[in-house]
Amino acid sequence: MASIHLKNLGHRYAAYDAGSDNPYALNPLDQVWEDGGAYALLGPSGCGKTTLLNIISGLLRPSEGRVLFDGEDVTDLSTERRNIAQVFQFPVVYDTLTVAENLAFPLRNRGMESTTIEARVAETLTMLGLEGRANERARSLNADDKQKISLGRGLVRTDVRAILFDEPLTVIDPHLKWQLRTELKKIHERFSHTMIYVTHDQTEALTFADKVVVMNAGSILQVGTPEQLFDRPRHTFVGTFIGSPGMNVLRCTFDGEAAVVDGVKLPLDEATIKAAHARGLATSGVSLEVGVRPESLLVVGAGVNTDDDPHYVRVDVLGVEDLGRHSLVRLRLGNQLLCALHPEGAAIPEAAALRFDPARTLLYANSLLVEANG
Amino acid sequence: MKVQNNKAWLMVLPMLLLVAVSAIIPLMTVVNYSVQDTFGNNEFFWVGTEWFHEVLASERFHNALQRTLLFSALILAIEIPLGIAIALAMPRRGIAVSFCLVLMALPLLIPWNVVGTIWQVFGRVDIGLLGHGLASLGIDYNYTQNTFDAWVTLIIMDVWHWTSLVVLLCYSGLVSIPEVYYQAARIDGASRWAIFRFIQLPKIKRVLLIAVLLRFMDSFMIYTEPFVVTGGGPGNSTTFLSIDLVQMAVGQFDLGPAAAMSLIYFLIILLLSWVFYTVMTSLDNDAASEQGRH
C-alpha cells in the first residue's frame, strides 16, 4: 500500500493540435492520494481521467511533474516496477489459460515459488468467489467473472501498492454492477488497498468511494466526500454534474447584501456575504452566478405571507415532470429557467413562490464558490 | 402442418448444373481415362484399376510424392515462423505501416512464371547476380547441376515469393488485438515471450491456420516455378508430383496412368485439406462449446 503524490503534474500529448487554446490533456496539478483511501475519479468522457490514471500506473509518462509513491519518485519506473494493479474497461483475461493459471500469471512472471503461488491463488479464488471454477478456461467465463479475474490478478499479488480501475463496470450487466461494486467495497474494507476508481457514472463514484475527485477539461475541480460535493460544490461544474437533476445555476449580480437575479433578490448567508465583500464582488464586475440544488427549493402557493418574507420569491410554473417519488417542477425566475423537486401528490399552486434557504444558496464568482476561506 | 413436396430440388438445380459442368463432368472424363487404355484411333479398352495399381506401385510416383511432401514441409517450417517474426516486427502505426504493407504485398503481385524467370536468371552462374556473385566468392554454386543448390534455390524463391502472405495474415491478426491486452500484460510483468505465447499466439491462431492451409496447398501443387527454374532437374531431383504428371500426360502421352495419377494426386490433396478443415473446425467447436456452457 502506498500514498500517491502527484507533484506539479501535467501532460500534453505530443500529437495534440497546436492551434488549440489549451495544449494540455491534463492541466498541471498537485494532488495527494492517501494510503488506503478509496477514491473515485469522476468526470465526463474526455476530461483527462484515464490519462491521469495511466500516468499513475506508468503506462503513460507525464510530460511534466513527478509521481511519488510514499515519497519515492517513480516517474521513470516502468509499470511492472511500480507494483500497480489496473483493471480496465474491458475485461482482459488470457484466453488459453484456466482461471487459476490466469491468477498465477503475474506471480509466475515475478518468479515466485510454486507453493507460494498455489496458496496465494487459492486465497484469491476464495476472495472472488470463484473457487469452484479454478480449472475452467478463462474464455468460457461471462464478462463479470472475467472482470473479477482481471481484478484478481491484482489482488493475488502481495506487493501491490495501489489498484486502479478504469471504468471497470462498463460491460457488466446492470443487475450485476451493484453486486460487483459491493464486493469491491468489501475487499477494500478488508484489505484497505489504495484504490482509484475512474468512472463517469456519479452513482458508481458516490457509492464506491470515501472521497470523490471531480474532473473536467483536464483539471481537478474538487476533492471531497459525497456529502461535500453535494452540499457545497466548489465549482459550478461539480454542482451541475453531480445530482440528478443537477444544481440550478443562475446568472446574478451582488448588491452588497443579496444575490440579484434579473432584479429579484435572493438572500445569502452571512459567511457568503462577508466573503463576497472581502473580495469586493459588488463592484468588481466579475461574472457571478448563484447555485441552488433543486432539492433545497420549496414550491409553495404565493400569498400574503410569502410576499413579506425575503426568503420567498415569486416564480412562473412552466411544467411538471413525474420522476416517481418526486415531481420535477420547471420554473422561470426573471428570464432564467430553474427546477425544483416537489413531493409527489402535493398540488402545484398556480401562483407559485419559491423558498430559498440562504444556507443552501451558494454564490460563485468565475464559476468558483465564494466562501469564507476561499 | 408441414407441407412436404420436392420443390426444394428446383432451388438447388441451377447450382447442381453449374457444379456438374464446371467440376463433375471434367472430373468424370479423367475417371474415364483412368480405367481405360488406348492405342490410338479413338479405340479404348477397359483395364479396370490396373493404372492405379501401376501408379501406386511405381517408384517414380513414390519419389515424386516424397519430394513434394518434403518440399511442403520445408516451406511450412520456414515460412510460418519467419512470417510470424516479420509480422511481430512490423510497425503498428504511422507512415511506416503503409510502406511495409506495400513492400510486403509486392512479391505477391508478381506472376508465378515471372518469379521463376527472375530467379532462373538471378541464379545463373554466367550472368546472374546471385550465381555469379557466389561464384566470384569462390562458392561452388550451380542449380542446374547440383541437387542441393537446386533445392536451396527453389526454397529461397518460394520463401521470397510467399512469406509475405503469412506476414499479412498474421499482421491482420496482430493489429486486431486491443492495446489494453498489452497494458495488462505490462502490469502483470509478462516477458516478451509470455506476451507472445499467451496474448498474441492465441489471437492469431485462426489466421495462422488459414496461412498454414494456403501455404501447404500451394506448395504441394507447385508447378510453374520449378518448371521454369530447374525443369525438374538436375536429374529428377526437383520433379514434384505436378511436374511428373505433366511429363507423363503431355510428354509421354500416357493418358491412362496420367489420369490415374491425377486422381490419386487429387485425393491426397482432398484428404489433407479435410484434415486441416477438421482441425480448424474442431478448434472452433471447442471454443464454441466452452462458450455455450454458460
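## A walk from a hairpin to a helix

Start by selecting strands 20 and 21 of chain A: they form a hairpin with 2 residues between them, and Asn366(A) in the turn has a positive phi of about 50 degrees. (Strands are DSSP runs of E with at least two residues, helices are runs of H or I with at least four, and both are numbered from the N terminus.) What you have open is a predicted model, in which local features need pLDDT of at least 70 and side-chain atom pairs count only at pLDDT 80 or more, while totals for chains, interfaces and linings use all residues. Residues are numbered from 1 along each chain as its sequence is written, and chains are lettered from A and ligands numbered from 1 in the order in which they are written.

**Around the hairpin**

Stay with the hairpin and show residues 362-365, which make up strand 20 of chain A; 2 bridges join this strand to strand 21 of chain A, and the two run antiparallel. Click Ala365(A) and you'll find Leu368(A) of strand 21 opposite. Then click Tyr364(A), whose bridge partner in strand 21 of chain A is Leu369(A).

Now add residues 288-292, strand 14 of chain A, which is joined to strand 20 of chain A by 4 bridges, again antiparallel. Here Glu289(A) stands opposite Tyr364(A).

Which strands complete the sheet? Select strands 13, 12 and 11 of chain A as well: the open sheet has 6 strands in the order 13-12-11-14-20-21, with antiparallel pairing. (Two strands pair if DSSP finds at least two bridges between them.) Its edges are strand 13 (264-267) and strand 21 (368-369) of chain A, each pairing on one side only.

**Zoom out to chain A**

Show the whole of chain A, with its 12 helices and 21 strands. The C-alpha trace spans about 80 × 45 × 35 Å along its principal axes. Of the 374 residues in chain A, 42% are buried, which means that 20 or more other C-beta atoms lie within 10 Å of their own; 12 or fewer makes a residue exposed, anything in between partly exposed, with C-beta atoms placed from the backbone.

Colour 4-239 as domain 1 and 244-369 as domain 2 of chain A; the bounds come from an automatic or database domain assignment. The two centres, taken over C-alpha atoms, are 39 Å apart. Where the domains of chain A touch, 7 residues of domain 1 are in contact with 10 residues of domain 2. (Contact means C-beta atoms, placed from the backbone, within 7 Å.)

**Over to chain B**

Next, look at where the chains meet: 20 residues of chain B are in contact with 23 residues of chain A. Select helix 8 (179-187), helix 9 (192-220) and helix 12 (255-292) of chain B, each of which supplies at least two residues of the side touching chain A. Helix 8 of chain B gives the most, with 6 residues.

Move on to helix 5 of chain B, residues 112-122. Which of its residues are buried? They are Val115(B), Gly116(B), Trp119(B) and Gln120(B). Look down the axis of helix 5 of chain B: the buried residues fall within an arc of 130 degrees, so they line one face of the helix. (The arc is that of the directions from the helix axis to the C-beta atoms.) Turn on helix 7 (147-175) and helix 10 (224-229) of chain B, which are among what covers those buried residues.

Last stop: Leu69(B), in helix 3 (residues 59-89) of chain B. Leu69(B) counts as partly exposed because it has 16 C-beta neighbours inside 10 Å.

Technical notes. Contact = placed C-beta atoms within 7 Å.
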